[in-house]
Amino acid sequence: MQKTYQLTTFGCQMNLSDSERIAAVCEMMGYKPVKDDEIADLYIINTCSVRQKAEDRVLGMHHKFVELKSKKKDTKVIITGCMVKRDIRQNPEKSQRYQESYYEELKTKMPWADFFVEINQINKLPELLNEQIEIKIDEYFAITPKYNSKFQAFVPISTGCDKFCTFCIVPFTRGKEVYRDYNQIYNEVLTLVQSGVKEITLLGQNVNSWKSRKEGLLGVPIPKFRGNIEKDYLDFADLIENLAQIDGDFWLRFTSAHPYDINPRLIDVVANEKNIAKQFHFALQSGSNSVLRRMNRYYTAEEFEEKVNLIKEKIPGVAITTDVIVGFCGETEEEFLDTVKLCERIQFDQIYISEYSQRSGTIAAKFYKDDIPHEVKEKRKQILEEVLKNGLKEKNKKLINTKQKALVYKTERKTKNLIARTTHGKDVEITNSQNKEYIGQFVYVDIKDALEFRLFGEI
Ligand code: SF4
């Protein structure tokens with residue numbers, strides 16, 4: 001009888017991408033996926049630690065797995081993703097001891113789990129489960145993912161983060177930045193484009209800090225290489241410039257970019273390459289310099305705005321999206337108003353606003369007080385949402401009567417109309433076609449109307 005697995009994913013695009021690799025390993029071991037109402041031989045939970053709520057949902061699976069294991073004793077449960085790691089790094093011995101005691105803590109909290117596996121060790125799953133596979137997988141990045149879509153794909157290019165923003169747990173859960181090999185990235189993107197994938201999103205916690213050592217490239221033929229070979233290493237701008245040369249009709253996107261690592265050359269590459277989508281997502285977090293310092297963000301509000309202005313100047317019509325945290329430790333009314341004013345000036349195309357919530361294990365949890373009342377955070381969030389909407393009303397109206405290239409990616413649940421995404425990452429509802437054969441194809445849409453978060457148009 002064929003062995004079965006169920007995979008549950010919490011969190012961000014990075015985790016969704018990791019899960020595509022986990023699924024591939026499961027299938028290499030001969031497991032097939034089964035639905036929720038069936039009992040599987042293997043359960044894998046890919047966890048997220050960004051918010052306490054996501055961790056609580058995993059811990060809340062206690063009864064499900066205790067009951068399940070009483071029915072089927074040989075069922076295995078594997079926990080992977082961010083909850084598994086708490087790396088403190090400065091001293092390797094100390095780090096190892098800390099990690100071991102952290103495992104003990106996890107075992108006490110989740111006695112029903114059989115293994116805790118760091119995500120970058122997921123290639124060792126067959127060894128752990130005593131399963132035979134035909135080809136040994138040397139490392140996480142060498143796994144060929146089981147992509148969820150035929151026309152959109154995530155390609156991770158780095159893991160970890162070295163920035164240590166004080167509110168963020170990622171540097172502890174994902175560890176130090178590790179950059180994927182240039183040729184491996186190039187080959188994955190090439191294969192995807194050749195198989196007809198239309199939208200490829202490069203992923204990294206800090207995607208634009210990617211580097212590749214020059215020595216690593218010597219002796220390896222790199223098709224149409226255009227980087228500055230005199231440099232000691234290739235940087236992110238070199239990488240995307242080269243990927244954009246791949247022959248085919250596709251869009252390259254990347255997330256999440258850090259403002260510190262956005263430079264004029266990267267902006268030029270995005271401006272000049274037709275295969276790179278004209279959208280930048282980089283997190284502002286706050287428009288107040290004192291808050292940015294407390295967050296350890298490596299830039300001032302003025303530097304951030306200067307980069308935005310340069311992007312707008314070089315790429316007319318570009319979309320800029322961002323993340324903002326409201327109510328960070330000690331955020332005064334005046335500091336919040338600095339954020340409001342900056343957002344009004346910039347007119348972002350989207351702001352993902354979160355109310356600050358303390359994560360234990362972060363630097364902020366250790367040194368600052370989460371002292372802004374919930375009602376104040378909520379109010380500040382509403383104010384910023386209004387700022388965003390007001391800006392978008394004006395901005396999106398300017399797109400009426402333009403023709404936009406867009407990738408059809410789904411249908412609207414209620415109207416059954418097609419939904420496509422423009423190069424700027426904006427959703428457009430196509431009102432003159434419900435033909436599902438367009439899904440996965442680029443179309444040209446005449447924009448007829450625009451709301452804050454949706455455009456309407458005809459093919
Ligand atoms: S840049 Fe900051 S917010 Fe982003 S992953 Fe790194 S530490 Fe977290």
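Biologist: Happy to start at the interface of domain 1 and domain 2: how many salt bridges does the rule find across it?
Modeller: Keep in mind that this is a predicted model. Over the whole structure, the rule counts 32 salt bridges. Across the interface of domain 1 and domain 2, the number found is two.

Biologist: Which residue forms a salt bridge with Arg21?
Modeller: Domain 1 spans 3-139 and domain 2 spans 147-277, so by the assigned bounds Arg21 belongs to domain 1 and its partner, at position 188, to domain 2. The closest N and O atoms of this pair are 3.2 Å apart, and the cut-off for a salt bridge is 4 Å. The partner of Arg21 is Glu188.

Biologist: Which other side chain meets Glu188 in a salt bridge, and is Glu188 buried or exposed?
Modeller: The second partner is Arg180, at 2.8 Å from N to O. Arg180 has 4% relative accessibility and therefore counts as buried. Glu188 has 9%, and because the limit for this class is 20%, Glu188 also counts as buried. To name both answers, the side chain is that of Arg180 and the state of Glu188 is buried.

Biologist: What area do domain 1 and domain 2 bury between them?
Modeller: The contact involves 17 residues of domain 1 and 23 residues of domain 2, while the domain centres, taken over C-alpha atoms, are 27 Å apart. Carbon and sulfur atoms carry 53% of the buried area. The area itself is about 1700 Å².

Biologist: And how many residue pairs are in polar contact across that interface?
Modeller: Here both residues of a pair must have pLDDT of 80 or more. With that condition, the rule finds five.

Biologist: By class, how many charged residues are on the side of domain 1 that touches domain 2?
Modeller: That side has five nonpolar residues and four polar ones. The charged residues there number eight.

Biologist: Now to the ligand: how many residues of the shell around it are nonpolar?
Modeller: The surrounding residues include Cys161, Cys165, Cys168, Phe164, Phe167, Val170 and Pro171, along with Gln205, His258, Lys163 and Arg297. Two of the shell residues are polar and two are charged. The nonpolar ones number seven.

Biologist: One last pair: which residue forms a salt bridge with Arg380?
Modeller: In this pair the closest N and O atoms are 3.0 Å apart, which falls within the 4 Å cut-off. The partner of Arg380 is Glu333.

Definitions and conventions
Residues are numbered from 1 along each chain as its sequence is written. This is a predicted model: local features need pLDDT of at least 70, side-chain atom pairs count only at pLDDT 80 or more; totals for chains, interfaces and linings use all residues. Side-chain values use heavy atoms; hydrogens and water are left out. Contact means heavy atoms within 4.5 Å. Buried area is the accessible area (1.4 Å probe) that two parts lose on being put together, summed over both. A polar contact is a pair of N or O atoms within 3.5 Å; within protein, one must be able to donate a hydrogen and the other to accept it, and residues adjacent in sequence count only if both atoms are side-chain atoms. Ala, Val, Leu, Ile, Met, Phe, Trp, Tyr, Cys and Pro count as nonpolar, Asp, Glu, Lys and Arg as charged, and the others, Gly among them, as polar. A residue is near a molecule or strand if one of its heavy atoms lies within 4 Å of it. Buried means under 20% relative accessible area, exposed over 50%, partly exposed in between (1.4 Å probe, protein chains only).
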